Number of protein chains: 2
Amino acid sequence: MTAIILSVGDELTLGQTVDTNSAWLSQQLATNGLPVRAHVTVPDDEAAITDAISNAAAQCECLLISGGIGPTPDDLTRQALAKYLHVPLELNLYWLDVLKDFFAKRGRSMPEMNRIQAMIPRGASMIENVAGTAAGISAKVTAWHIVQWVHDSPEKPLEAPVEDRVFMEEEKCHIYVMPGVPKEMKLMFERSVLPTLREKSSGAVILSKALHTFGQGESTVAELLGPLMYRARNPTVGTTVSAGIVSVRINARFPTKDEAQHHLDTTVEECYSKLGDLVFGEDDTTLAESLARMLRDRSVSVATAESCTGGLLAKYLTDVAGSSTYFRQGWVTYSNDSKTSELGVPVGLIDQHGAVSRETVVEMANRARGLATTTYALAISGIAGPGGGTPEKPVGTVCVALSYDDDALEGVSARTFLFPGDREMIRDRSAKMALTMLRYHLLRKPLPF
Amino acid sequence: MTAIILSVGDELTLGQTVDTNSAWLSQQLATNGLPVRAHVTVPDDEAAITDAISNAAAQCECLLISGGIGPTPDDLTRQALAKYLHVPLELNLYWLDVLKDFFAKRGRSMPEMNRIQAMIPRGASMIENVAGTAAGISAKVTAWHIVQWVHDSPEKPLEAPVEDRVFMEEEKCHIYVMPGVPKEMKLMFERSVLPTLREKSSGAVILSKALHTFGQGESTVAELLGPLMYRARNPTVGTTVSAGIVSVRINARFPTKDEAQHHLDTTVEECYSKLGDLVFGEDDTTLAESLARMLRDRSVSVATAESCTGGLLAKYLTDVAGSSTYFRQGWVTYSNDSKTSELGVPVGLIDQHGAVSRETVVEMANRARGLATTTYALAISGIAGPGGGTPEKPVGTVCVALSYDDDALEGVSARTFLFPGDREMIRDRSAKMALTMLRYHLLRKPLPF
């Protein structure tokens, strides 16, 4: 059994709203072993919705529709479904009573406009909405097969009188219509749709895990994974990139949950054996959260001194709730003067080597750690662009230093990077690289790139 | 001309990633007068991608595809497009050189796997990627019409020798393939795809303008605009919300550019007369850029002292290229101790009023301005959550102060806000509100909310 998810709404095709329903429904279906064949989104246009239902229903056994069942004239999913099914809409008296009651409780009479929310295509059934006024719809698309002929002229079967045939109904596709409002849709899906899908589902279970890395390109990660990424494999292993983070996604599809979990665990282990410390976290874990956990576990602290990133590194470190346990303060020393006045970096040093230099960031990091009396300090100075580049130090040149005093070892390490992209990307990668340098230091491993 | 947006990726149909590309592209197309007929999402499966391209290309004149052009074996959009076009993939030597150069600059040789990123279907052209290694693809789907017969047997036209016919090529659909990484996709769309789409979009001229506001809710902005938002109006006036910014989008659709420009200008003026100073900028202007221009124009400077925003305010101020003209330094005083050690806020004051208090932020702002010797200083202290809230100061309570010394006026103003949402939203709104307080101060107007 495969599924297609259809979202309806002008606000979606106009890009005014990001469709989160499709992702949520896909997760639910995957967890229950139902592969999603496609997502489709169409505007509030009756013909477009009818077409989309018709195309989708021919390609899947389960069509989940959300949106277009509100009370206003631009809500047309009910009408489109009825047209596709070649049946009229009929008033559901039970839901009409529920609606009237809903408004009566609020001291109002039901606006005439809401009557449409109790209309259901003939032959379909109503799905209760526990969080809103729009009733959902459950409709079967069936094919009638003539399985036996009683008539004696087999050459012209279609002309045989109806009473001479034996029919069998076969369900081709089941259509569920739910509200577009995420909260109402989720409640309706969990209460009324999922239980019936579980009954139908062929049994396969899909379990997934994502491993996140930073610092190596997608192709390097893929080379490390090697044959694990072969398409025909189960569990499958794929990679995606977002804001510099290369994520490895592992999906295991097996008849039972136990088998899926076993194979998922085995493949995750194999991925770890290939990627090692490159993986900073799993699933929802961010780079900052992963570092935060390490800092908290070790009861150590970190300060920041930033030039080109202008506060972004400190922002990342404080993205995590409870960051005050390891982060107490930071400096944004954007001008050369402030590097001297706030941190005490000697003017002569900046004059001799430049603000973007190994020497300057080393001094920034050491002095920030001294002033903040923290275990660690991270310093960043670079050319984020678009201006300010030179042939020796082009835009994207960024120096990062880590000053440390832990386990009776005191010192400083520094690296110069050349990041691609625009100002925003360069600043983002610089801050993430600083977090990564500290992460490898805490792992007692050299930076592998 | 209508468009369809196709997103490719297992992570999307499995619901592991929410598709934000389709919404962003839809907004761009809507702003440029191109109606979006549908969004379609399919997994990393060559046959599914080929089918989706084939279905979509038959229904629209512009097909925008994102995703599936990374270097790994699960990236199959190139192959699927070539299959749909019935052509082989060919190596683009220019892009191969760009790739080799990209890796050489990082002291590495190009992994063999990346070679596929320079492969383009025969007859299609390459689109430069300024932020990554995947070249985009621009491909025309054409139909050949026989417009003239030289042959003298019209009853059997298809058997006429080729040299006797006159052909005309008609473009049926233009396909653009872009990376799935949002940043790369956006840059490629803006630089290379949008300009060619603008040329094609024919007939009526659509001119648009967006006016951005911060500080009032969408419904308040809509109330201020009143009848300007009637749907039947031309130019149309609509609102969208993103990261706290409420934008008013005005689209004028008229037969000629002059008419469109005239009506757009008139409606923009009417919107300004309703919204006044609430509008901080137009089109691509961010809140930080709008403030940056004002600070530069007045040759004034600003420093920051942040607690709960942890560097985000300084980050916003330095998002703008050339920010060193008005921003020299900032402090991230996350702990109470650092507010005292770095800024000199008296311990007793914090003990008496708390770190999140009008008294403390006023002191932080005044002292930051004194230390940095700037015209202005902004200070923020608040409870970003999820923990730390009390009945008197619930999560979302944020104090913001502005210390100023300009035009012979010295002083400080402070406000306490209660922002809704999670930690990320509260920090974001706090930083934007601080920028907004300074903006109104520079306008010599009281904050209207």
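This report describes the overall form of chain A and the pairing of its strand β2 in a predicted model.

## Overall form of chain A

The C-alpha trace of chain A spans about 105 × 60 × 45 Å along its principal axes, and its radius of gyration is 30 Å, whereas a compact globule of 449 residues would have a value near 22 Å. The secondary structure of the chain comes to 14 helices and 17 strands.

Of the 449 residues of chain A, 54% count as buried. Among contacts between residues at least 6 apart in the sequence of this chain, 67% join residues that are at least 24 apart.

## Surface and charge

The accessible surface of chain A comes to about 19,000 Å², and carbon and sulfur atoms account for 52% of that area. Chain A carries 43 positive and 54 negative charges, and the mean positions of these two sets lie 4 Å apart.

## Strand β2 and its partners

In chain A, strand β2 covers residues 36-42, and because 6 of its 7 residues are buried, with under 20% relative accessible area, the strand is largely enclosed by the rest of the structure.

Within the chain, strand β1 (residues 3-8) of chain A runs parallel to β2(A) and is joined to it by 6 bridges; in this pairing A:L6 stands opposite A:V40. Across to the other chain, β2(A) runs antiparallel to strand β2 (residues 36-42) of chain B, with 3 bridges between them, and here A:V40 stands opposite B:V40. A:V40 thus has A:L6 opposite it in the one pairing and B:V40 in the other.

Technical notes: Residues are numbered from 1 along each chain as its sequence is written. Chains are lettered from A and ligands numbered from 1 in the order in which they are written. This is a predicted model: local features need pLDDT of at least 70, side-chain atom pairs count only at pLDDT 80 or more; totals for chains, interfaces and linings use all residues. Side-chain values use heavy atoms; hydrogens and water are left out. Buried means under 20% relative accessible area, exposed over 50%, partly exposed in between (1.4 Å probe, protein chains only). Helices (H or I, at least four residues) and strands (E, at least two) are DSSP runs, numbered from the N terminus. Two strands pair if DSSP finds at least two bridges between them. The radius of gyration is taken over C-alpha atoms; the globule rule is 2.2 Å times the number of residues to the power 0.38. Contact means heavy atoms within 4.5 Å. Accessible areas come from the Shrake-Rupley method with a 1.4 Å probe; for residues, only the protein chains shown count as cover. Lys and Arg count as positive and Asp and Glu as negative; His and the chain ends are not counted. The place of a charge is taken as NZ of Lys, CZ of Arg, CG of Asp or CD of Glu.
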